[in-house]
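Visitor: I am new to this structure and should like to learn how its descriptions are justified. May we look at it together?

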Amino acid sequence: MVAGNSDVRPVAVRHDASPGAGRRRGAGRVAGLGLGAVALLTTLTGCDVGAAFGGFGWPQGGITPESQRMYDLWIASCIAALAVGVFVWGLIFWCVVRYRKRGNTLPVQTRYNLPMEFLYTIAPILIVSVLFYYTAIVQTDVNRESENPDVTVEVVAFKWNWQFNYRDGQGVEANTVASTLGTSEVIPVLVLPTQRSIRFEETSRDVIHSFWVPEMLFKRDVFPGNVRNTFEVSELRTEGAYVGRCAELCGSYHAFMNFELRVVSPERYDQFLAAKQDGSSTQEALQAIGEEPYAVTTRPFETRRTTSNFNPDNAPAGSGS
């Protein structure tokens, strides 16, 4: 039964003038999307997208091939995410406009759409598979170690400083041919060459620390005990001075546990190492190759371990602080 003041309106059915008109329009939309995607890819490949958008939050200026590969993976992932986002946003706005309410007539209700269901089931699987594939390739490449690297450095962390031992081989059986030890008054400077593969072997004397040079774009934990964490860079590309830090909260003076990486040419590195083996200090060896003797990217922390600090001379008795 229908109320007297109610109207039942027939649903209007729209017929295309030609049976193939709908297919032609669909093909036109697909062609338009394809041309738009080609234009977008051409634009993106013709410029440095990372530089144009600040690296999408990823630090720029890496000094190793490994850092560049991780940067490229990040940029490609961001572009893929943006492409998917633009496509989804386009579908949302198209549905809002195409199926908006027109009068009191409801649009045709669709219970299921097999092509669409196939798309939103398979497409995410394909996207995740591609990202996983390239992530695994880059990760394997970054973690790769050679049998005979050109330079081996043992990184020894302790509260709250660093010791760098230049070794004649790999593993605990190798010998230290030169060493640099940091103190509260002197920032340790780690000197390494360009154009040579470098292996880092890390160990800690007390707690977990983390070896981090921001321009290398990744960090490695330094574990105590018998754990010897190792990694390798195929080369350092740019000469200069780069600050290094501990990136693991390790105690009161963690924030001041810094060092400096000084990248020099292979010839000057050999001269530096020879000077160290002849008995020169790190500062003397740096001066011998024309480098600043002390760190220029950071400075020693103020320990404040003085008698006056703990017992101020002018503090009245019983006043506290």
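Visitor: What makes strand 6 and strand 9 a pair?

Guide: The model is predicted, with local features needing pLDDT of at least 70, side-chain atom pairs counting only at pLDDT 80 or more, and totals for chains, interfaces and linings using all residues. Residues are numbered from 1 along each chain as its sequence is written, and side-chain values use heavy atoms, without hydrogens and water. Strands are DSSP runs of E, at least two residues long, numbered from the N terminus. Two strands pair if DSSP finds at least two bridges between them. Strand 6 (residues 209–213) and strand 9 are joined by 2 bridges and run antiparallel, so the definition is met. Phe211 has Cys246 of strand 9 as its bridge partner.

Visitor: In which sense do strand 9 and strand 10 pair, and over how many bridges?

Guide: They pair in the antiparallel sense over 6 bridges. Ala241, in strand 9 (residues 240–246), stands opposite Arg262 in strand 10.

Visitor: Why is Ala241 called partly exposed?

Guide: Buried means under 20% relative accessible area and exposed over 50%, with partly exposed in between (1.4 Å probe, protein chains only). Ala241 has 29% relative accessibility, and therefore counts as partly exposed.

Visitor: Which residues does Ala241 touch, leaving out those up to four places away in sequence?

Guide: Contact means heavy atoms within 4.5 Å. Ala241 touches Glu260, Leu261, Arg262, Val296 and Thr297. The C-alpha atoms of Ala241 and Leu261 are separated by 5.8 Å, although these residues are 20 residues apart along the chain.

Definitions and conventions. Helix = DSSP H or I, 4+ residues; strand = E, 2+ residues; numbered from the N terminus.
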